[in-house]
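Student: I'd like to go through this model and ask what stands behind each label. Can we do that together?

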Amino acid sequence: MQNRADFLQIHKGSLEVEKITNFWYNKYKNSNFGAIITFVGVVRDENEIEGLSFDIYEPILNSWFDEWQKKANEKNAIVLMAHSIGDVLNHESSYIAAVCSPKRRVALELIDEFVEDFKAQAPIWKYDIINNQRVYAKDRSTAIKGSGILL
């Protein structure tokens with residue numbers, strides 16, 4: 001049995017998109033998955049920010065991710081994810097998600113649900129980088145259910 005680290009990666013700084021996605025493709029292309037679908041999130045140059053910075057609370061992220069892996073496994077699929085901690089400059093990637101599935105429709109539906117739920121539920125806090133300072137992006141953040149003061 002593979003462990004969570006085979007599916008969930010946390011990287012300091014921006015993600016090496018080609019390295020991560022090529023690794024996933026080469027690892028799973030012979031596993032009889034008919035579809036390998038990826039989503040790559042890129043930091044946009046907007047609102048005069050220099051980039052984004054991220055904090056992650058890994059115990060909750062691990063639980064959230066494990067539930068998604070169970071949901072995917074029920075459909076004979078797997079989910080993969082890589083995310084940044086720390087600073088990621090404009091036009092660099094901070095988030096990559098993938099679904100591997102025997103069926104195209106399952107992969108398409110799961111990647112959409114997974115990315116949307118990630119935005120709503122994952123314990124990742126986003127900061128704008130302005131003048132080399134981290135400024136909490138409260139107006140673009142979503143409170144995590146049951147988080148109490150961790151808003």
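Tutor: Sure, let's take the labels one at a time.

Tutor: A word on sources: this is a predicted model, where local features need pLDDT of at least 70, side-chain atom pairs count only at pLDDT 80 or more, and totals for chains, interfaces and linings use all residues. Residues are numbered from 1 along each chain as its sequence is written, and side-chain values use heavy atoms, with hydrogens and water left out.

Student: What makes up the pattern along the protein chain?

Tutor: It reads β-α-β-β-α-β-β-α-β-β, with three helices and seven strands. Those are DSSP runs numbered from the N terminus: helices are H or I with at least four residues, strands are E with at least two.

Student: Why is the protein chain called as compact as a globular protein of that length?

Tutor: The globule rule is 2.2 Å times the number of residues to the power 0.38, and the radius of gyration is taken over C-alpha atoms. For 151 residues the rule gives 15 Å, and the chain has 16 Å, which is close, so the label fits.

Student: Why is the pair of F65 and F114 called edge-to-face?

Tutor: Rings of Phe, Tyr and Trp (its six-membered ring) pair if their centres lie within 6.5 Å; planes under 30 degrees apart count as stacked, over 60 as edge-to-face and the rest as tilted. Here the centres are 6.2 Å apart and the planes sit at 80°, so F65 and F114 make an edge-to-face pair. F65 is in helix α2 (residues 58–73) and F114 in helix α3 (residues 104–121), so the pair ties together parts 49 residues apart in sequence.

Student: Which cluster do ring pairs build?

Tutor: They link F39, W64, F65, W68, Y95, F114 and F118. The whole structure has eight aromatic pairs.

Student: How do you know whether F65 is buried or exposed?

Tutor: Buried means under 20% relative accessible area, exposed over 50%, and partly exposed in between (1.4 Å probe, protein chains only). F65 has 1%, so it's buried. F114, at 0%, counts as buried too.

Student: And what about H91, buried or exposed?

Tutor: H91 has 60% relative accessibility, so it counts as exposed. H91 lies in the loop between β4 (78–89) and β5 (93–101).

Student: What does H91 touch?

Tutor: Leaving out residues up to four places away in sequence, H91 touches V42, V43 and D45. Contact means heavy atoms within 4.5 Å.
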